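Reader: I am new to this structure and would like a close look at a single part, the largest pocket. Could you take me through what lines that pocket, and then set beside it whatever else helps to place it?

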Amino acid sequence: MPSTRTYYRSFAGGEISPEMFGRIDDAKYQTGASTMLNFIALPQGAVENRPGLAFVREVKNSASATRLIPFQFSPTQTLVVEMGAGYFRFHTQGATVGPGTPAAYNGATSYDVGDLVSSGGVNYYCIAATTGNAPPNATYWYAMPAGILEIPNPYAAADLFDIHYVQSGDIVTLVHPSYAARELRRYGATDWTLTSISFYSPINSPSPITGTPYRGGALNITAVAIGSPGIFTTVTDHGFTNGDVVFIGELTFTNPNTINNNFYTVWDVTANTFKLKRYDTGQQINTATLVAYISGGYVQPGSTAYPKQTYRVTSVTADGRESTDIDLRSVFNNLDVPGSYNLLSWSAVSGAASYRIYKETPGFIAALIGTTTGTSFEDNNIAPDLGVTFPNNDIALDTQYPRAVAYYEQRRVFAGPNAAPQSMWFTESGTESSMIYHTPLLDTDRINIKVAARENNTIQHLVPLTQLLALTNAAEWRVSPINSDALTPTTISVRPQSYIGSNNVQPVVVNNAVVYCAARGGHVRELGYSWQSSGFITGDLSIRAAHLFDDLEIVDMCYAKAPQPLLWFVSTSGKLLGLTYIPEQQVGAWHQHQTNGAFESCTVVSEGDEDYLYVVVNRTIGGSTKRYVERMASRNFDALEDAFFVDSGLTYDGTNTTATTVTVTTGSDWTTAATLTITASATTFAFPATTDVGDVIVLTDTDGTKYRLTILSTSSTTVATARVDKTLGTAFRGVPTTTWAWARDTVGGLSHLNGKTVSILGDGAVMTQRVVSSGSVTLDRPATVVQVGLPYQSDLKTLPMIIQMEAFGQGRNKNLNKAYLRVYRSSGIFAGPSDSKLIEFKQRTTEPYGSPPALKTEEIGIDLKPSWNPDGYLFVRQSDPLPLTIVGVTLEVVIGG
């Protein structure tokens, strides 16, 4: 029987579906695996077991679904928002944000939404502006749990995963077709508000507007002789000649006046009298029907100009938002006459940085004649700019709630309300929520457009790239300008790119590609620009790992950029699916992850130099459903004792980080036989309790030597007796030191895992698994740094073996004799031809007694149990809370006939 060796140089192809096992010609098959469970494929080709999940906190209500979304203002200011039914909480650096120390409620203080107060030992969040309404009062105050910053929201549990969001600075916009669009705003570490977005102007127009005419060339009329025709007398010589055009106004008669505010021609003129004919018909003016002249009136040299000017004044905020409500002011004045002008004035409007003045002209709507920062304006016959007309406000989104939101070209974009599922609204350029438009349209106006599709295309998502992509339930559309570089109301164009459709999970952008979940079939797709087709094309990212997606759906997804580019997906199977994804390198490797429970939500935020995955996990604890927020640990550790490979875990670290010193003294010698006295500079020991007895004070010398002093008794909170494990070094003999640590034999704080069997890594050594009881576990020996949490198993299984021989070795039995694994910083390695025939690699060599085996970075050989089978699989398993990275695999195999 021939013997040969075969080499697996890479696992960057990820987990491959069994339907692909016949595709040995496929490039991904050459670098794939049958199973990659709780292993992460690295872009370089190696695989590493995933880090553990650190417990953060139980959600507020474990009985209902809870979602996580990111808040990322900058690389150093990031938070995870826990979005539950009726509330928000915030987490960062693996801990929950608290409310700080709110001031005591004061009945004389005016409180605004978002203010925090303390009253009766409870912290409260202000939900409505108030003065003198003390908590508890549900109209004005929301009671927060002890030690937790929590603010209310209106969302039901069933709607949480249908909420779409986008962030800009300190503002997160949240939309859902059943709720008004809202903004979650951060003003400070503990100052947050959630407010509905109003698409009305945030500022009012001035009201009332006063208009005072100043009439050039006007003469007062002192008398009107009643008759047919009537005779009009001026106070002085008027200088008119027969046929002149004049304007008459402000006359008062006994009967209602029909003469005022019209143009006339004068005739039968004397020095200070004249008669009138209508300008348009030439009919003589008869005043007899008016009975008697009472008072008032003026005559002004006229023309054919319109004598009535109607004005509108708007307020403009500092960020360019303009009022749209109307207060009309009409003034009668012939502004064609030199010296004529109208003076408009108004009271200042709070929040206004400037004012715009519009004037109506015959046959046209109101158009702009000027801008001022003051509260008055003089119109001396200014010609309106008909290209800038009085603004109208599109308020459709105040009652039609959008389901998609994005930012694109300095506009906030909304789309997909139930009443108009194929419509999009772009705010006025440079604004967040202004929906102003003009007639005719301006380039900066809001844009409202409906996608004209052959079937219903509800817009699910808006994704900004170099062009805006609208993903609907049935197709993918490109929104771009035509014949222009800028998107305006007159240049916008919507064109279909493909007809796949997306589900409701919010897509992510990776480089210049969009990754989204298909509307049907549960698969994950990418959408990127192709210069060959001059458009966007889509491809199925999950086709080679279809067994992870078929008959299932993706319910949540997120993207981590560093240290590895990883897309994370939550499946309805309860698994967490990972995709190592570098599209420009054609790297797309799937891996699946399980835990003792079901994954329900995921998000990623940067914390320091890494992106951290946060998840919500549904676990059964003591027969009850518990939903926990957990954070994936970093794989960047220096010492093995800091490696974190347990789920829902916690870390005990007894290293002294204070200024407290301990001093060791003796009455005899410093050997293991002596009873030593430890004196602390501050309270350190339990007394009169004896719980410290059996625990260990560890002193670390500058050369790394550790001295373990086991506590025999305590006589006060600062004095204890102990016995050392080796002759105490001279550096610690009677010398105070701060370089000490507590090694405990019991670890508490684990009540969230009561009744569960947990794995334990103590000072880098794997300890016996224990069952958590009353929130604690007992260790095999006291340890300074302890990682405790739920165990999980990492499995790597190769693909059916391919050998360079006839038919690539297919149809022949194979027997694996030995496996050579090239590993990196690894320990706790098991391998075999099947999961029931695993052999542990004997790792310990010359490590000192009491220390764990050193991590291996080399090629190791494992003699395997013989097993003939046609596939030639190799199983590699890590079931201990230890790191394992496999760089390459060489298999020694015997080929049967």
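Author: What follows begins with the largest pocket and then turns to the second largest pocket and to the aromatic rings.

The model is predicted, and the values given here are computed from it. The largest pocket has a volume of about 990 Å³, and of the 32 residues that line it, those closest to its centre are Pro-70, Tyr-165, Gln-506, Pro-507 and Val-508. Two or more lining residues are given by each of strand 8 (67–74), strand 18 (164–168), strand 39 (404–408), strand 44 (459–464), strand 48 (508–510), strand 52 (554–560) and strand 56 (598–607). Among these contributors, strand 44 supplies the largest share of the lining, with 5 residues. By residue type, the lining of the largest pocket divides into 20 nonpolar, 8 polar and 4 charged residues.

The second largest pocket holds about 750 Å³ of space, and among the 35 residues that line it, Glu-641, Lys-706, Arg-708, Asp-763 and Gly-850 are the closest to its centre. The elements that give two or more residues to the lining of this second largest pocket are strand 62 (696–700), strand 63 (706–714), strand 65 (740–747), strand 67 (765–771) and strand 68 (777–783). Its lining is made up of 16 nonpolar, 12 polar and 7 charged residues.

Turning to the aromatic rings, a search of the whole structure finds 22 aromatic pairs. In the case of Tyr-358 and Phe-390, the ring centres are 5.4 Å apart and the planes stand at 80 degrees, so the pair is edge-to-face. Tyr-358 belongs to strand 34 (residues 354–360), while Phe-390 lies in the loop between strand 37 (385–389) and strand 38 (392–393), so the pair ties together parts that are 32 residues apart in sequence. Tyr-358 counts as buried because its relative accessibility is 0%, and Phe-390, with a relative accessible area of 6%, is buried as well.

Elsewhere, Phe-71, Phe-90 and Trp-192 form one aromatic cluster. There are also rings with a charge placed over them: the charged end of Arg-631 sits over the ring of Tyr-612, 3.8 Å from its centre, and the charged end of Arg-825 sits over the ring of Phe-637, 4.7 Å from its centre.

Conventions: Residues are numbered from 1 along each chain as its sequence is written. This is a predicted model: local features need pLDDT of at least 70, side-chain atom pairs count only at pLDDT 80 or more; totals for chains, interfaces and linings use all residues. Side-chain values use heavy atoms; hydrogens and water are left out. On a 1 Å grid over the protein atoms alone, a cavity is a set of points where a 1.4 Å probe fits but cannot get out, and a pocket is an open set with protein on both sides within 12 Å along at least five of seven lines; lining residues have an atom within 4 Å of a point. Grid points are joined across faces, edges and corners, and a volume is the space filled by probe spheres set on the points. Helices (H or I, at least four residues) and strands (E, at least two) are DSSP runs, numbered from the N terminus. Ala, Val, Leu, Ile, Met, Phe, Trp, Tyr, Cys and Pro count as nonpolar, Asp, Glu, Lys and Arg as charged, and the others, Gly among them, as polar. Rings of Phe, Tyr and Trp (its six-membered ring) pair if their centres lie within 6.5 Å; planes under 30 degrees apart count as stacked, over 60 as edge-to-face and the rest as tilted. Buried means under 20% relative accessible area, exposed over 50%, partly exposed in between (1.4 Å probe, protein chains only). A charge sits over a ring if NZ of Lys or CZ of Arg is within 6 Å of the ring centre and within 35 degrees of the ring normal.
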